[in-house]
Amino acid sequence: MKTAMNRSTLDFISVFLAELIGTGLLVMLGCMGCVSGLGHTPSHFELCINFGLVVMIIVQVFGCVSGAHLNPAVTAGAWVYELVSTKMALAYAVAQCIGGFMGYGVLKILTPAAVFDVAKENGAGFCVTQPNGLISHLQATGIEFVATMVLILVCCGVWDPRNAKHHDSVALKFGFTIGALAVAAGPYTGASMNPARSLGPVLWNGDYNAHWIYWVGPLSAAFLTAFAYKAVFRREVVVEPLNHELSALNTEK
C-alpha cells in the first residue's frame, strides 16, 4: 500500500511538472520567436510557424507524461471527455498558469529590457494578446471561440478510441494545427486559444485590457465542443472476446 501511494504521488508530481515546464517553454520559446530589435523582425507567418513548431517539440517530449495539454482549454475538453478527474484537471490548470508566468519571467531575464520597453511604449506589453482595434470585443470572443473549437475538435479526434492506433504523428498534428490557426486568427486576436499563454505576459505587464476574452472564448469553446463531439461523434471500439476466437478455432478443428 505504501509503495502504491508513493508511486501515485510521484506520478502526480511528474504530471504537474510536465505541464508546468511544458507551458513555461511554450510561452518562453513562443514569445522569444516574436522578439524584434535584435537584427531581425519576424513576419506574421514566422511567428505562427514558430509557435506551431514549439508546440510540436513540447508534445513530443511531454505527451507521454501528461498528454501535454499546455492549455486549460484542452484540459477542460479532456475533463468533459472523462480523460482526467476534476482534481487532476484543476492541478493541470494551476500548473499551466504557473508555467506561463514563469516562462515569460525567464524570457525577461534572457532578453534585453529595451525590447520590452519599446513594446510597452507602442501599446500593450510585449507578447500580450490583444484584440485588433478594428474589431469589437464580441467579435474577438467569437474568433477565440472558433479557433479554440477547431483545436478541441482535433483533440477529440485524437482522443477518440477509434484513433488509438494512430498516435505516431500526434506532435506534428498539433504543431501544424496551432500554426494554421495562428495564421488565420492571429491578425484578429493574436490567436491565443490558451488562457495560460495569455495570462503570463499579462501578469508581468499589468495590462488587463480585454483579457477576459482569452478566458471566455477558449473555455466556453472547449466545454461545448468536447461535449458535442462526445455526444455525436465518439464511438467506443468493440473488441471481440478472446475466448470467442479460441472457441471458433476449436470448432474448426
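**View 1. Val158 in helix H6, a buried position of the predicted model.** Val158 has a relative accessible area of 8% and is therefore classed as buried, the cut-off for that class being under 20%. Its place in the fold is helix H6. With respect to Val35, Val158 is separated by 123 residues in sequence, and the two C-alpha atoms are 33 Å apart in space.

**View 2. The crossing of helices H3 and H6.** Helix H6, which spans residues 137-159, is shown here with helix H3, residues 72-80; the axes of these two helices come within 10 Å and cross at roughly 45 degrees. Because of this angle, H3 is described as oblique to H6. The crossing in which H3 passes H6 is right-handed.

**View 3. The salt bridge between Glu82 and Lys230.** A search of the whole structure finds two salt bridges, and one of them joins Glu82 to Lys230, with the closest N and O atoms 2.6 Å apart. Glu82 lies in the loop between H3 and H4, whereas Lys230 belongs to helix H9 (residues 213-232), so the pair ties together parts that are 148 residues apart in sequence. The two partners also fall into separate accessibility classes: Glu82 is exposed, at a relative accessible area of 61%, while Lys230, at 27%, is partly exposed.

**View 4. The salt bridge between Asp160 and Arg162.** In this pair, Asp160 and Arg162 bring their closest N and O atoms to a separation of 2.8 Å. Side chains of opposite charge can pair when their charged atoms come close. Asp160 is buried, with a relative accessible area of 3%, whereas Arg162 is partly exposed, with a relative accessible area of 46%.

**View 5. A nonpolar patch on the surface, with residues from helices H4 and H8.** The patch is formed by Val94, Ile98, Phe101, Met102, Leu203, Trp204 and Tyr208, which together have about 620 Å² of accessible area. Helix H4 (86-110) and helix H8 (195-205) each supply at least two of the patch residues, and the largest share, four residues, comes from H4. Trp204, one of the residues of the patch, is found in helix H8; its relative accessibility of 36% means that Trp204 counts as partly exposed.

How values were computed: Residues are numbered from 1 along each chain as its sequence is written. This is a predicted model: local features need pLDDT of at least 70, side-chain atom pairs count only at pLDDT 80 or more; totals for chains, interfaces and linings use all residues. Side-chain values use heavy atoms; hydrogens and water are left out. Patches are made of residues with over 30% relative accessible area and no salt bridge: like charges are joined within 9 Å, nonpolar side chains (Val, Leu, Ile, Met, Phe, Trp, Tyr) within 5 Å. Accessible areas come from the Shrake-Rupley method with a 1.4 Å probe; for residues, only the protein chains shown count as cover. A salt bridge is a side-chain nitrogen of Lys or Arg within 4 Å of a carboxyl oxygen of Asp or Glu. Buried means under 20% relative accessible area, exposed over 50%, partly exposed in between (1.4 Å probe, protein chains only). Axes are lines fitted to C-alpha atoms, for helices over the stretch in contact, and angles run from 0 to 180 degrees between N-to-C directions. Angles under 35 degrees count as roughly parallel, over 145 as roughly antiparallel, 65 to 115 as roughly perpendicular and the rest as oblique. A crossing is left-handed if the near helix is turned anticlockwise from the far one by less than a right angle, and right-handed if clockwise.
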